[in-house]
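Thanks, everyone. I have one model to go through today, and I will keep it short. Please have the sequence and the coordinates open.

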Amino acid sequence: MSQKKITLKKGREKLAKNHNPWIFSGAIQDIGGNVNDGDLVLVESSDRDFLAWGHYNSKSGIALRLLEWNKNIIPDFNWVKEKIFYACDMRKHLKNKFNTIYRIIFSESDMLPGIICDVFENVGVLQISTPGFDKMKYEIASIIKEAANLESVYEKSDGDGRRIEGLTESTGVLVGNLNSTKFVAVENSIKYEINLLSQKTGFFTDQRNNRELFGRYAYGEMLDMCAFSGAFSINALKKGVKHSTLCDISKESKELIDKNMSLNEIDSEKYSFIQGDAFDLLRNMKNESIKYDSIVLDPPKLAPSSKYLEKGLKAYKDINFNALKLIKENGIMATFSCSGAVSMEKFREAVAFAAKDSEKELKIIHQLHQGEDHPIRVSAPETEYLKGLLIRA
C-alpha cells in the first residue's frame with residue numbers, strides 16, 4: 001500500500017472533514033514520500049489524523065481531489081468500477097425510445113472528480129480532466145462500456161480544464177467500434193445531430209428538462225440567444241411558437257441548427273439565424289426597437305471562478321438588461337447562468353437589478369436547475385453550477 005502522504009496546515013482540515021472533495025494548494029503543509037502528479041495519496045490533518053484518500057496534482061490550484069473517507073477502503077481499480085456501475089445504475093431509467101441522450105458520470109457528484117461521461121444512443125463520450133484518472137482512462141472506458149451496455153466509448157478530453165491540470169488534449173475511440181463522429185440521438189422525442197467534434201461532448205445534456213418546460217410556456221415571436229444546436233427553439237416551435245430568431249457566435253451553429261430543424265420537419269420560414277456576439281446583438285436589437293414574446297438567454301460561463309465573480313455578475317446584469325428591453329408585455333423569458341461561482345441568490349440579484357434598470361416588473365414562474373443526471377452533491381456546492389429563472393415580464 002502506498003505510504004505517500006500529504007499533511008494539511010493547522011485549521012485547514014474542516015472542508016475535508018465535511019466531505020468537500022477539493023483541497024487547494026495553499027492548504028498543504030508537507031508532502032511525504034516521492035509524490036508525483038496523479039498519485040493516490042493519504043491526506044492527513046496537522047495532528048496526523050487520517051482525513052481521506054485523494055489524487056494529487058502539483059500543477060493545479062486544486063492540488064488534491066478527495067475520493068474516499070474510509071481509511072480501510074483504498075480507491076483502486078475495483079473501487080472505480082463500483083462507483084461507475086453505481087452511477088450508471090442510477091440513470092438507467094432515463095434511457096428509452098423517447099430519450100437516448102443523458103449523462104452517466106458527473107465528476108464530483110458521482111465521487112469521481114475529473115470524470116464526465118455523456119451517452120448519445122449507444123456511444124459514450126468521455127472527458128477526463130485530472131492526471132489521476134487520465135492514466136487509467138482505457139480501463140475506465142472499458143468499465144463504462146460494460147456498465148452502460150454501450151457499443152463504444154469516445155474520448156473528448158479537451159478544453160481549458162485539461163490545460164489547467166497540466167494535461168494535453170486527447171481525442172479518439174478508447175474502446176469499441178465507432179463508424180462516424182456524426183449521428184442522430186433523441187431527447188424528449190426530438191431528434192438531434194450529435195457531432196463529437198463540436199463543443200463539449202457534442203451536446204449540452206443538462207438543459208433537457210428546461211427545454212421541455214420552456215416549450216410549454218413560449219409563444220409568438222421568439223429570440224434564442226446563444227442557441228448552439230437550436231434545442232430550445234425546436235422544443236418551442238414544435239409546441240406552437242410562430243417564429244424563432246436564433247443567434248450564436250459560432251458560424252458552425254447555422255449548419256447544425258439547419259440539420260436539427262430538418263430532422264424535426266420544421267420549415268425554414270419558421271426560423272432565422274444571426275451570427276454574432278450576444279452582447280453586441282442584444283444592444284443592436286434594443287437600438288432597433290425589436291420586440292419578442294419569448295426569449296431564451298443561455299450564455300457561456302461569464303464568471304469562470306470566484307476571482308471573476310464581481311465582473312461576471314456585472315455581465316449577467318448587462319445581458320439580462322438588454323434582453324428585457326426586447327421583451328413584450330406579458331412576455332416569457334428563460335435566463336441562465338452556468339457559472340459555478342455564481343449562486344442562485346446572486347444570479348437572482350443580478351436579474352433583479354436588470355429588471356429595475358429596464359423598468360420591468362418580473363414574476364418568477366420557475367427556478368431552474370440542471371437535470372437529474374447532473375445531481376448536486378450537498379458536500380460539494382460547486383456541483384450546482386446551472387441555475388436559471390423562467391420569468392414573466
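I will take the sheet, then a helix pair, then one helix and a residue in it.

One caveat before I begin: this is a predicted model.

Let me begin with the sheet. It is open, it has 6 strands, and the pairing is mixed. Reading across, the order is β2-β6-β5-β4-β1-β3. Which strands stand at the edges? They are β2, residues 22–24, and β3, residues 28–32. Each has a single partner strand, so one side of each is left without a neighbour in the sheet. On average, neighbouring strands here are turned by 35° against each other, with direction ignored.

Inside that order, take β4 and β5. β4 covers residues 40–44 and β5 covers residues 50–56, and the two pair in the antiparallel sense over 5 bridges. If you want a register to check on screen, Leu 40 stands opposite His 55 in β5.

Next, the helix pair. Two packed helices are described by the angle between their axes and the distance between the axes. For α2, residues 77–89, and α4, residues 137–147, the axes come within 9 Å and cross at roughly 35°. The crossing of α2 past α4 is right-handed. On the α2 side, the contact is made by Phe 77, Val 80, Lys 81, Ile 84, Phe 85 and Cys 88. α4 contributes Glu 139, Ile 140, Ile 143, Ile 144, Glu 146 and Ala 147. Sorted by class, that contact has 9 nonpolar residues, 3 charged ones and no polar ones.

Now to α7, residues 231–238. Why call this helix largely enclosed by the rest of the structure? Because 7 of its 8 residues are buried. Those buried residues are Ala 231, Phe 232, Ser 233, Ile 234, Asn 235, Ala 236 and Leu 237. After the helix comes Gly 240, with a positive phi near 120°.

The residue I would pick out of α7 is Asn 235. Its relative accessibility is 1%, so Asn 235 counts as buried, the cut-off being under 20%. What does the side chain of Asn 235 make a polar contact with? One partner is the side chain of Tyr 192, at 3.4 Å. The side chain of Asn 235 also reaches the backbone oxygen of Ala 231, at 2.9 Å. Leaving out residues up to four places away in sequence, Asn 235 touches Ile 190, Tyr 192, Arg 211, Glu 212 and Gly 215. Tyr 192 therefore appears both as a polar partner and in the list of residues touched, where contact means heavy atoms within 4.5 Å.

That is where I will stop.

Notes. Residues numbered from 1 in each chain as written. Predicted model: local features only at pLDDT ≥ 70, side-chain atom pairs only at ≥ 80, totals over all residues. Heavy atoms only, no water. Pairing = 2+ DSSP bridges. Helix = DSSP H or I, 4+ residues; strand = E, 2+ residues; numbered from the N terminus. Axes fitted to C-alpha atoms, helices over the stretch in contact; angles between N-to-C directions. Left-handed = near helix turned anticlockwise from the far one by under 90°. Nonpolar A, V, L, I, M, F, W, Y, C, P; charged D, E, K, R; others polar. Buried < 20%, exposed > 50% of the residue type's maximum accessible area, 1.4 Å probe, protein only. Polar contact = N/O pair within 3.5 Å; in protein donor to acceptor, adjacent residues only side chain to side chain.
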